[in-house]
Amino acid sequence: MTATVKPYVLPPGTGMPGFGAEVKASGAATGGMITLIESRTVGGAPRHVHSREDEYFYVVSGTITVEIGGEHFEVGAGGFVFLPRGIPHSWDTIGEATLLMITTPPMLESFLAEYHAADADRDQVAARYGVTFLK
């Protein structure tokens, strides 16, 4: 960690400056260590693979389905998912769910912001972050 990293506390309903309230830890705030996003969502992500980071989900409420390397799992509140880099995966919610989404090293906050803001080729954005969407 660098000397420029400082401790911080976020009150409920707030997030990192420059991101929405869902981003609780960013790469910049943690000295390049972790991204943590509290995602309240209906829906997930299609099959893809990360080449540079590991991804983790902690299910706070609701239920998600996860496909990891061809195996399918249903994960409810209190469940945890580890998705190592290089392993194809997808996930979806069954109804509404709240997840803590983590990547190490960090990238998810920047990737999602750019990806959802892209008007044109989202695959180019994904490629810059080492993410490949699979058919």
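Strands here are DSSP runs of E, at least two residues long, numbered from the N terminus. On that basis, Pro 11 sits in the segment before strand S1 (23-25). The model is predicted. This briefing covers strand pairing, the largest nonpolar core, the largest pocket, the salt bridges and the position of Pro 11.

**Strand pairing around S7**

- Strand S7 covers residues 89-104 and pairs with strand S3 (residues 45-50) in the antiparallel sense. That pairing runs over 2 bridges. Within S3 and S7, His 48 stands opposite His 89.
- Strand S2 also pairs with S7, again in the antiparallel sense, over 7 bridges. Thr 41 has Ala 97 of S7 opposite.
- Strand S4 (residues 54-68) runs antiparallel to S7, and 13 bridges join the two. Thr 65 has Asp 92 in S7 as its bridge partner.

**Strand pairing between S3 and S8**

- S3 pairs with strand S8 (residues 131-133) as well. The sense is antiparallel, and there are 3 bridges.
- Opposite Val 49 stands Thr 132 in S8.

**Largest nonpolar core**

- The largest nonpolar core holds 26 residues.
- Which residues touch the most other members of this core? They are Phe 57, Ile 64, Val 66, Val 81, Trp 91, Met 101 and Phe 111.
- S4, strand S6 (80-83), S7, H1 and H2 each supply at least two residues of this core.
- S4 provides the largest share, 5 residues.

**Largest pocket**

- Rolling a probe the size of a water molecule over the atoms shows where empty space is left.
- The largest pocket encloses about 470 Å³ of space. It is lined by 28 residues.
- Closest to the centre of this pocket are Trp 91, Met 101, Leu 108, Leu 112 and His 116.
- Strand S2 (35-41), S3, S7, helix H1 (108-117) and S8 each give at least two residues to the lining.
- Which element gives the most to the lining of the largest pocket? H1 does, with 7 residues.
- By residue class, the lining divides into 14 nonpolar, 8 polar and 6 charged residues.
- Trp 91 and Met 101 appear in two lists: among the residues that touch the most other core members, and among those closest to the pocket centre.

**Salt bridges**

- Side chains of opposite charge can pair when their charged atoms come close. The structure holds 5 salt bridges.
- Glu 38 forms one of them with Lys 24, with the closest N and O atoms 3.9 Å apart. This pair links distant parts of the chain: Glu 38 lies in strand S2 and Lys 24 in strand S1, 14 residues apart.
- Glu 38 also meets Arg 40 in a salt bridge, at 3.1 Å from N to O.
- Lys 24, Glu 38 and Arg 40 are thus named together as a network of salt bridges.
- Is Lys 24 buried or exposed? Lys 24 counts as buried because its relative accessibility is 18%, and the cut-off for buried is under 20%.
- Glu 38 has 22% relative accessibility, so it counts as partly exposed.
- Arg 40 is exposed, because its relative accessible area is 60%, and exposed means over 50%.
- Arg 128 forms a salt bridge with Glu 114, with the closest N and O atoms 2.6 Å apart. This pair too links distant parts of the chain: Arg 128 is in helix H2 (residues 122-128) and Glu 114 in helix H1, 14 residues apart.
- Glu 114 is partly exposed, with a relative accessible area of 31%.

**Pro 11**

- Pro 11 counts as partly exposed because its relative accessibility is 47%. The partly exposed class lies between the buried limit of 20% and the exposed limit of 50%.
- How far apart are the C-alpha atoms of Pro 11 and Val 60? They are separated by 18 Å. Along the chain, the two residues are 49 residues apart.

Note on methods
Residues are numbered from 1 along each chain as its sequence is written. This is a predicted model: local features need pLDDT of at least 70, side-chain atom pairs count only at pLDDT 80 or more; totals for chains, interfaces and linings use all residues. Side-chain values use heavy atoms; hydrogens and water are left out. Two strands pair if DSSP finds at least two bridges between them. Helices (H or I, at least four residues) and strands (E, at least two) are DSSP runs, numbered from the N terminus. Buried means under 20% relative accessible area, exposed over 50%, partly exposed in between (1.4 Å probe, protein chains only). On a 1 Å grid over the protein atoms alone, a cavity is a set of points where a 1.4 Å probe fits but cannot get out, and a pocket is an open set with protein on both sides within 12 Å along at least five of seven lines; lining residues have an atom within 4 Å of a point. Grid points are joined across faces, edges and corners, and a volume is the space filled by probe spheres set on the points. Ala, Val, Leu, Ile, Met, Phe, Trp, Tyr, Cys and Pro count as nonpolar, Asp, Glu, Lys and Arg as charged, and the others, Gly among them, as polar. A salt bridge is a side-chain nitrogen of Lys or Arg within 4 Å of a carboxyl oxygen of Asp or Glu. A nonpolar core is a set of buried Ala, Val, Leu, Ile, Met, Phe, Trp, Tyr and Cys residues joined through side-chain atoms within 4.5 Å.
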